[in-house]
Amino acid sequence: MPGPTRVVTFGTFDVFHAGHLRLLERAAALGDRLVVGISSDELNRGKKGRSPVYPLAARMAIVGALRCVDEVFVEHSLEAKRRYLVEQRADVLVMGDDWAGRFDGLGDVCRVVYLERTPAVSTTAIIEQIRGVPAEVGESA
């Protein structure tokens with residue numbers, strides 16, 4: 001008898017918003033346990049060119065407190081996705097559709113699913129709005 005289905009997803013989850021929640025709830029619905037890799041502050045600076053608004057410990061506490069999330073861990077490297085999936089015993093990898101196709105090569109480790117992002121919700125746009133900078137149309141976090 002197979003064990004519980006483990007779903008793994010990754011993200012920065014900075015300035016947590018309804019789009020983040022919707023993605024995590026939909027990811028959780030694909031299995032029995034949801035494990036979330038939270039991008040380290042250093043990884044975020046490397047991929048987005050800025051530090052997160054909230055430090056790693058706060059982002060991990062926020063995401064880890066959600067009912068739909070069973071476990072969180074730190075993601076230090078985008079190139080280590082395969083290792084993280086093996087370590088977490090992933091059955092399903094869930095990513096937003098802005099990453100569509102990027103992780104298809106991990107299909108030998110687990111099933112790869114890309115979920116549609118919530119339209120008109122963007123961490124970058126929220127941060128820029130707070131700073132008083134107009135956001136680019138269609139930009140998402």
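Valine 15 is buried in this predicted model, with a relative accessible area of 14%, and its place is the loop between strand S1 and helix H1. Although valine 15 is not a glycine, its phi is positive, at about 45°. Arginine 89 can be set beside it, since phi of arginine 89 is also a positive value in a residue other than glycine, near 55°. Arginine 89 lies in the loop between helix H4 (81–87) and strand S4, and at 56% relative accessibility it counts as exposed.

With these two loop residues located, the chain as a whole can be followed. Its secondary structure comes to five helices and five strands, and from the N terminus on these elements run in the order β-α-β-α-α-β-α-β-β-α. Of the 141 residues of the chain, 43% count as buried, and the accessible surface comes to about 7500 Å², of which 54% belongs to carbon and sulfur atoms. Among the contacts with a separation of 6 or more, 59% are between residues 24 or more positions apart.

Strand S1 is a useful place to start. Six of the six residues of S1 (residues 6–11) are buried, so this strand is largely enclosed by the rest of the structure. The cover extends to both of its faces, with Arg6, Val8 and Phe10 buried on one side and Val7, Thr9 and Gly11 buried on the other. S1 pairs in the parallel sense with strand S2 (residues 33–39) over six bridges, and within this pairing threonine 9 has valine 36 of S2 as its bridge partner. S1 also pairs in the parallel sense with strand S4 (residues 92–96), here over three bridges, and valine 7 stands opposite valine 92 in S4. Together with helix H1 (residues 18–28), the strands S1 and S2 make a right-handed β-α-β unit.

From the strands the path leads to the nonpolar interior. The largest nonpolar core has 19 residues, and those with the most contacts inside it are Leu24, Leu34, Val36, Ile38, Val63, Val69 and Val94. At least two residues of this core are supplied by each of H1, S2, helix H3 (56–64), S4 and strand S5 (111–115), while the largest share, four residues, comes from H1. A second, separate core of 13 residues includes Ala80, Tyr84, Leu85 and Leu93. To return to one residue of the largest core, isoleucine 38 touches, beyond residues up to four places away in sequence, a set of residues that includes Phe13, Leu56, Met60, Val63, Val72 and Phe73.

Which residues do ring pairs link into a cluster? They are Phe10, Phe73 and Tyr84. A pair of aromatic rings is described by the distance of the centres and the angle of the planes. The rings of phenylalanine 10 and phenylalanine 73 have their centres 5.9 Å apart and their planes at 85°, so this pair is edge-to-face. Because phenylalanine 10 lies in strand S1 and phenylalanine 73 in strand S3 (residues 71–75), the pair ties together parts that are 63 residues apart in sequence. Phenylalanine 10 is buried, with a relative accessible area of 6%, and phenylalanine 73 is buried as well, at 10%. The rings of phenylalanine 73 and tyrosine 84 have their centres 5.5 Å apart and their planes at 50°, so that pair is tilted. It links phenylalanine 73 in strand S3 with tyrosine 84 in helix H4, 11 residues apart, and both of these residues are buried.

Note on methods:
Residues are numbered from 1 along each chain as its sequence is written. This is a predicted model: local features need pLDDT of at least 70, side-chain atom pairs count only at pLDDT 80 or more; totals for chains, interfaces and linings use all residues. Side-chain values use heavy atoms; hydrogens and water are left out. Buried means under 20% relative accessible area, exposed over 50%, partly exposed in between (1.4 Å probe, protein chains only). Two strands pair if DSSP finds at least two bridges between them. A crossover is right-handed if, with the strands pointing away from the viewer, the path from the first strand over the helix to the second runs clockwise. A nonpolar core is a set of buried Ala, Val, Leu, Ile, Met, Phe, Trp, Tyr and Cys residues joined through side-chain atoms within 4.5 Å. Contact means heavy atoms within 4.5 Å. Accessible areas come from the Shrake-Rupley method with a 1.4 Å probe; for residues, only the protein chains shown count as cover. Rings of Phe, Tyr and Trp (its six-membered ring) pair if their centres lie within 6.5 Å; planes under 30 degrees apart count as stacked, over 60 as edge-to-face and the rest as tilted.
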